[in-house]
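Hi,

Here is the structure I promised to pass on. Have a look through it first, and then read my notes below.

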Amino acid sequence: MLRLPFFGARRASRRIATGFGPLSGRPFAEADSPAYTARYERGAYRLEVRRTGYFAWEPLAGGRAFGDAVIEAEVEGDPANGHSAAGLLFRRASDENYYCLLAGSRGTWRFDLVFNNHQMPLVGWTPMPEPSGPTRLLRVVAHGTRFTVTVDGEWVGEIEDETLAEGAVCFAAQNYEERPDALFRLHRIAVDARPVEVEREHLRLSYYFPVQPAARLALAETLFAQGGHGAAAVQLRKALRGREGTPRERFLLAECYARMGANPLALEELDRVLAAEPAHNEARLEQAGVLYLSNRFLEARDRTAALLADPGYASGSAAWNLLGNAEYALGNWRRAADAYLRAVALEPGMPLLLRNAARALELAGDRSEALRRYLEAARLFDREDARDELSFITSRVQALEPANREVRELAARALWREGRHDDARRELEALAAEGSTDAEVHHLLGLLAVEAGDRAGALPLFERAAALEPDAAAYQLRLAETLHLLGRDPGPAMERAREIAPADPWLANLEGLRLLAAGDAASAADRFAAALAAAPREVDIRLNLSEALSRAGRLEEAMAAVEGEDDSRILNQRGTLHTRAGRFDAAVRDYEAAIRADPQNRAYRENCAAACLEIDLVSRAEELLAALAREQPTASVYNLLGNVAGLRGERQRAMIAWAAGLALDPGSPDIRANLAAMHLDRGNWQRARELVDEALTLAPAHAHAARLDARIKAAHESRCDCDGCGRTWWAPRELPPQPGFQARGEPPGDAPAGRCERCGRLYCVACASAHVVDGRLTCADCGGRLKLSDDALRWLFNRSVGRG
């Protein structure tokens, strides 16, 4: 095999190949991360995925781009792997845009387009040839918009797609949920982008390569299942070229034609199937269905009735529903209703059948039975969130019984799910006023109250919902969560939820939230981990786990909890963790990705702006903040805009922004600290001291204010300590002469009592009060008289008694 260098050439080669031998180049980078590792071993490039549900890849040859190319890779999955797959990415324009070809561990292959981070299966999992050894040889010929795939030298598929023109080639591997890790090896890879070779292989595979009909059938079945009826028909017609084919192939082709609306062609194919296999009951039912769709209602009814009368046919709901449709089309309402009800009896949980029966009953004049069936269907459609169907049923029930409360309740739920919350609120409030005993009515009103910022007002509504359905864990958990957030005891509601559903992940999540609020981050992390194990796809629980781990000081574990996810909330949390670790470059990357995923989210944009300021990306920060201020100014946005102005040296603009922020949030310690820093830098340390004291009063642990406090003390203040209890005072180093005074009344205990005339010791009033002689405070050590003997002590005393 020809081996060409990967690096150092002036012009990139159009052909790259390596078998990873001793003299081969090293076209892939090595990597080591918590999620996966990639390294070389003898005769292979090894990729180990260390997480479930994780997809990893490494680009070839520094990520250089290929368009039309013949790409070949020999891949191997370790026998100890669970459900997993290995293969290629190609035309990878970015992490969010590429084609992917994978061979799975269960004898199937697939081909996907990922565009703007949305996965679009072009060919879902499809059977491939039986392996002859531990490896699989994958080959794809990318020629313009046509991709032809072979596995182990056998044709398995062809795909048309024009989305991506060129991009990098990568070795890729996916570990699914079965095992915690998976190991893959790439034994050789070749990329040939020479136009003549690509054209030759394209023509060979498209027109001259022997393709097994079974391979085309397998591809057609996959395409049909994912809705590609036209593409499936193309494969079947190619497979049937020059041969009669099997009833299975002809029947699938008939189904394709029927789904495409080509009813005459579908009937032709069905005639062929039934000529070869008269007892093919699926074909008989399909034929009746196509006749119905062709408006040949009498024939459709008679064929369906004959099928249902056949003792060899195990009747199902589909046939009875089709008979009902045919009778309905012929205006035989009672017969249609009877057929639909037979279908309902066979499949009682199918709301569409109930709706059909109800409509036929209504037209047949049986209003009470029609109303009963409509309501049964409405309950099922409500569970499925089938809004259009529910809307139709609502109109019919209201026509039959205008005052029916149940259908109004269902309609109000549908309005809420559609996001029409104002309309939903009006109807829900009317229902509650009428005394509705539907727990969901009160639950939704509670959610609307929370949405409006009135959590306290939501509490009685959640209590009502929990009382109406005491065995519904969801209502008990909602009540417990609300009590917790209001600072009240959620214990009884949590106990009730635990009795009903002890393994509910949201119960464990709430337990974690309580522990986190109590400051026990380590125990909270344990509860969140248990909740996530039971509900691994719940993003909110994953975020809570990450936050608890971070607060427990386990930052790397916190980051690992949110690796490999592209949800905007996950990306934002990753940015926050990077910020806490001081990795602001990485924080900005994750915040920017979160913004791309949810461009309207204000928190993501504000977080990104703050991180940008830390690494002097001032223009980007200002762009984000200016947009936020135009949309809706807030104190935090004005605070950051003040920081931007400060970095640009525009002090007056900074002061204006911070003043605007304080007007919106007078209790902001962040803005006070920033203003204090500005005053300190301008030499007005006295005003800075006032602002720092205010900030520390509002937030005693405020880090920025604490640093400013230390700066002021170091540069401008002197320290005085009580020799009795160690109490500390700070006074300005430069003070004007402080006038003498006569203390009257009892001064506060934290005031300085004075310095001893004899030994120079200093005491506070609380310590000196135990040593009063002749009405005067004296030294506990030598008995000398205590005096406020310098300006600092007099200044401190005046401040303590409220004179300063």
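A word on terms before anything else: a residue counts as buried when its relative accessible area is under 20%. Cys100 comes in at 4% relative accessibility, so it counts as buried. Cys782, by contrast, is partly exposed, with 29% relative accessible area.

Keep in mind that this is a predicted model. The chain has a mean pLDDT of 91, and 97% of its residues reach 70 or more. Residues 1–12 are another matter: pLDDT is below 50 there, though the stretch has 20 contacts in the model beyond near neighbours in sequence. Where pLDDT is low, the predicted coordinates should not be read in detail.

Back to the cysteines. How many disulfides does a search of the whole structure find? Zero. For Cys100, the nearest cysteine sulfur belongs to Cys170 and is 9.7 Å away. For Cys782 the nearest is that of Cys756, at 3.3 Å; a disulfide needs the two sulfurs within 2.5 Å, so this pair does not count as one.

Now the sheet. Six strands form an open, antiparallel sheet in the order β5-β14-β7-β8-β9-β10. β5 (54–59) and β10 (118–127) are the edge strands; each has a single partner, so one side of each has no neighbour in the sheet. From one strand to the next, the twist averages 20°.

At the β5 edge, six bridges join this strand to β14 (residues 168–175), and Phe55 has Gln174 of β14 as its bridge partner. Helix α2 (residues 213–225) packs on the sheet, touching β9 (108–115) and β10, and its direction makes about 140° with that of β10.

Cheers

Methods. Residues are numbered from 1 along each chain as its sequence is written. This is a predicted model: local features need pLDDT of at least 70, side-chain atom pairs count only at pLDDT 80 or more; totals for chains, interfaces and linings use all residues. Side-chain values use heavy atoms; hydrogens and water are left out. Two strands pair if DSSP finds at least two bridges between them. Helices (H or I, at least four residues) and strands (E, at least two) are DSSP runs, numbered from the N terminus. Axes are lines fitted to C-alpha atoms, for helices over the stretch in contact, and angles run from 0 to 180 degrees between N-to-C directions. Contact means heavy atoms within 4.5 Å. pLDDT is the predictor's confidence in each residue, from 0 to 100. Buried means under 20% relative accessible area, exposed over 50%, partly exposed in between (1.4 Å probe, protein chains only).
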